[in-house]
Amino acid sequence: MTRSLFFMRRTTVALACLWAAGAALAQVAQPHMRDRVDGELRQLSAMAAQPPDVDPLDLNRLPEPVRRYVAYTGLDRQPLARYARIRFTGEVRLPQTGGRERVDAATPWMAMTGSQTMALSKAGLGYVWDTRWTNPRFAVDVRDRYVNGQTHIWAVRDDGTVLIDEGDEAMAATYLIRFFAEATQAPAMLMPGPHLHWEAVDAGSARAHVRDGAISASMLCRFDAQGALTECESNDRKLRFSGDVAERWVPARWVMTRGNYREMAGLRLPTTMSIRWVLGGGEFEQVREVIDEVVFETAGRAQ
């Protein structure tokens, strides 16, 4: 495969249109949160208006599994999108108590709806995870944000009780890996550039080394014989306990599984995701997700 991929210059007007369309899908509902999250989405839109400073890509320089992935998704036949809005439904639970060996107690599974907005450009990279979780007793608005090394988690119950409101630079590598994990819904963001390069491992896997300023991490990704990316794992993320524990963030191996690929936004993309953590004494599954819609901005238009 010798075809080169070129980054396409996008327009501010098109980005503004995409943001407006995406706002209707946003899930945080409480007005004081909604206003702030909408402002953060506008910041991502402005960031994405600056095209990435990356040379054209020679596919022959990619590891063989990643070349198969490019062909399988159809990325070699599309302009490279660097702004994406992903809408999803699913369920999530939080580990409450435990430690490095195991999760001792967790919340019940909660229904989740939300959207993930992502941007990668010459101005940097970032995402806003905009969700609402519900159970029979109450709902929680949850927003996670990462922009150019700055992290923040914000969760507010619908009665106004603030459950989490914190940022921690020490967790930046955890969030950076999460950015590129979510980029499995926007394969252009997994192409080599200032923030990512691929290392060949074997016929079925490759390692993505990612960087954002002084922050660095890596994840090992596996691909099937057709080219679908099926799993990524990393030891550079940490699991957060929400209850009264001696250690809030603990090291654990993070594993993401992807599947059920179908045509979305002009590409072949996964529509299911599972997140689990492997600790010394066992595994803990935290997220089950179904992708409902993907929208890209590319070549000056939304797809």
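A salt bridge here is a side-chain nitrogen of Lys or Arg sitting within 4 Å of a carboxyl oxygen of Asp or Glu. Keep that cut-off in mind as we walk through this predicted model, because E247 and R100 meet it: their closest N and O atoms are 2.7 Å apart, so the pair counts as a salt bridge. The structure holds 25 salt bridges, and this one makes a handy starting point.

Look at where the two partners sit. E247 is in the loop between β15 (238-240) and β16 (249-251), while R100 is in the loop between β4 (95-98) and β5 (103-106), so the bridge ties together parts that are 147 residues apart in sequence. Neither end is tucked away under the 20% cut-off for buried residues: E247 has a relative accessible area of 31%, which means it is partly exposed. R100 is partly exposed as well, at 46% relative accessibility.

Next, hop over to R222, which has salt-bridge partners on the neighbouring stretch of chain. With E231, the closest N and O atoms are 2.7 Å apart. R222 itself is partly exposed, with a relative accessible area of 29%, whereas E231 is buried at 18%. R222 also forms a salt bridge with E233, where the closest N and O atoms are 3.1 Å apart. That pair links strand β13 (residues 215-223), home of R222, to strand β14 (residues 229-234), home of E233, and the two residues are eleven apart. E233 is buried too, with a relative accessible area of 18%. Zoom out a little and you find R222, E231, E233, R253, R276 and E283 linked in a network of salt bridges.

Now for the nonpolar side of things. The largest nonpolar core has 77 residues, and those with the most contacts inside it are F180, L190, W198, M219, W254 and F296. Which helix or strand supplies the largest share of this core? That would be α4, with eight residues. The helix spans residues 172-182 and is mostly covered, with eleven of its eleven residues buried. The buried set includes I177, F180 and A181, but also charged-type names such as R178 and E182.

M219 is a good place to see how the core is put together. Leaving out residues up to four places away in sequence, M219 touches I177, F180 and A181, along with L190, A206, R207, A208, C232, E233, S234 and W254. Notice that E233, the salt-bridge partner of R222, turns up among the residues M219 touches. Apart from this core lies another one of 13 residues, among them Y83, A119, V128 and V147.

F180 leads us on to H195, which is found in the loop between α4 and β11 (196-202). H195 is buried, with a relative accessible area of 15%. Neighbours within four places aside, H195 is in contact with F180, and also with L120, G124, L125, H209, V210, R211 and D212.

Last stop: V140, in strand β8 (residues 139-147). Is V140 buried or exposed? Buried, with a relative accessible area of 4%. Beyond its neighbours within four places in sequence, V140 is in contact with M110, T131, R132, W133, A155, V156, R157 and L163. Take L163 from that list: it sits 23 residues from V140 along the chain, and the two C-alpha atoms are separated by 8.8 Å.

Conventions. Residues are numbered from 1 along each chain as its sequence is written. This is a predicted model: local features need pLDDT of at least 70, side-chain atom pairs count only at pLDDT 80 or more; totals for chains, interfaces and linings use all residues. Side-chain values use heavy atoms; hydrogens and water are left out. Buried means under 20% relative accessible area, exposed over 50%, partly exposed in between (1.4 Å probe, protein chains only). Helices (H or I, at least four residues) and strands (E, at least two) are DSSP runs, numbered from the N terminus. A nonpolar core is a set of buried Ala, Val, Leu, Ile, Met, Phe, Trp, Tyr and Cys residues joined through side-chain atoms within 4.5 Å. Contact means heavy atoms within 4.5 Å.
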